[in-house]
Amino acid sequence: MSAVATLTLAEYDQLWHDWRAMGVTEEEQIERVAGALADCAVRVALPNPELPIVVLAGQGRKGAVGMAAVRLLADQGVSVRLVLSTSPTVLTPVAATQYQILQECGILAWGLSMSQAEIDAQEPIEWLSVALIVDALLEGELP
């Protein structure tokens, strides 16, 4: 059995702090981390490439990374679904930007704020038949 790469919240925050100190913009940071996340998700989900990857995204920076990863996975032709933990109206600016990009790409999100009509318009998520669930929910404090 192969080991799955992990990144603790402290390591994640340190990485963002280091990049910021080097002058890397927040948008570039999001794309870098999202690219690595998408690559890792594809490798982990490989035994079942026909099953979807579900990304749970929060309202802040980590949610923005999750949403960017959804876009990158969709661009690769991967079956991917996005579940928002909150209403799009309360997303932070950086997460709202990623959400807007997804909307422009035609990628829909499930979430707590969905109306019944929005739920009915989408194919349900078969939770017991997914290749991977990605947690992009929790927000930590920057050092």
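Student: How many helices and strands does the chain have?
Tutor: This is a predicted model, and its chain has five helices and four strands.

Student: What pattern do they follow along the sequence?
Tutor: Read along the sequence, the pattern is α-α-β-α-β-α-β-α-β.

Student: What about contacts in the chain, how many join residues at least 24 apart?
Tutor: Counting contacts between residues at least 6 apart in sequence, 80% join residues at least 24 apart.

Student: Now H3. What should helix H3 span, at 1.5 Å a residue?
Tutor: H3 covers residues 61-75, which is 15 residues, so the expected span is 21 Å. The C-alpha atoms at its ends are 21 Å apart, which agrees.

Student: Is H3 largely enclosed or not, and why?
Tutor: H3 is largely enclosed by the rest of the structure, because 13 of its 15 residues are buried.

Student: How many of the chain's 143 residues count as buried?
Tutor: 40% of them.

Student: Which glycine follows H3?
Tutor: Glycine 77, and its phi is positive, near 85°.

Student: Different topic. Where does threonine 86 lie?
Tutor: Threonine 86 is in the loop between strand E2 (80-84) and helix H4 (93-104).

Student: Buried or exposed?
Tutor: Threonine 86 is buried: its relative accessible area is 16%, and the cut-off for buried is under 20%.

Student: What is threonine 86 in contact with, leaving aside neighbours within four places in sequence?
Tutor: Gln59, Leu91 and Ser113.

Student: Last one: how much area does the chain expose?
Tutor: The chain exposes about 8200 Å², and carbon and sulfur atoms supply 58% of it.

Terms used. Residues numbered from 1 in each chain as written. Predicted model: local features only at pLDDT ≥ 70, side-chain atom pairs only at ≥ 80, totals over all residues. Heavy atoms only, no water. Helix = DSSP H or I, 4+ residues; strand = E, 2+ residues; numbered from the N terminus. Expected span 1.5 Å × (residues − 1). Buried < 20%, exposed > 50% of the residue type's maximum accessible area, 1.4 Å probe, protein only. Contact = heavy atoms within 4.5 Å. Areas by Shrake-Rupley, 256 points an atom, 1.4 Å probe, with all protein chains shown as cover.
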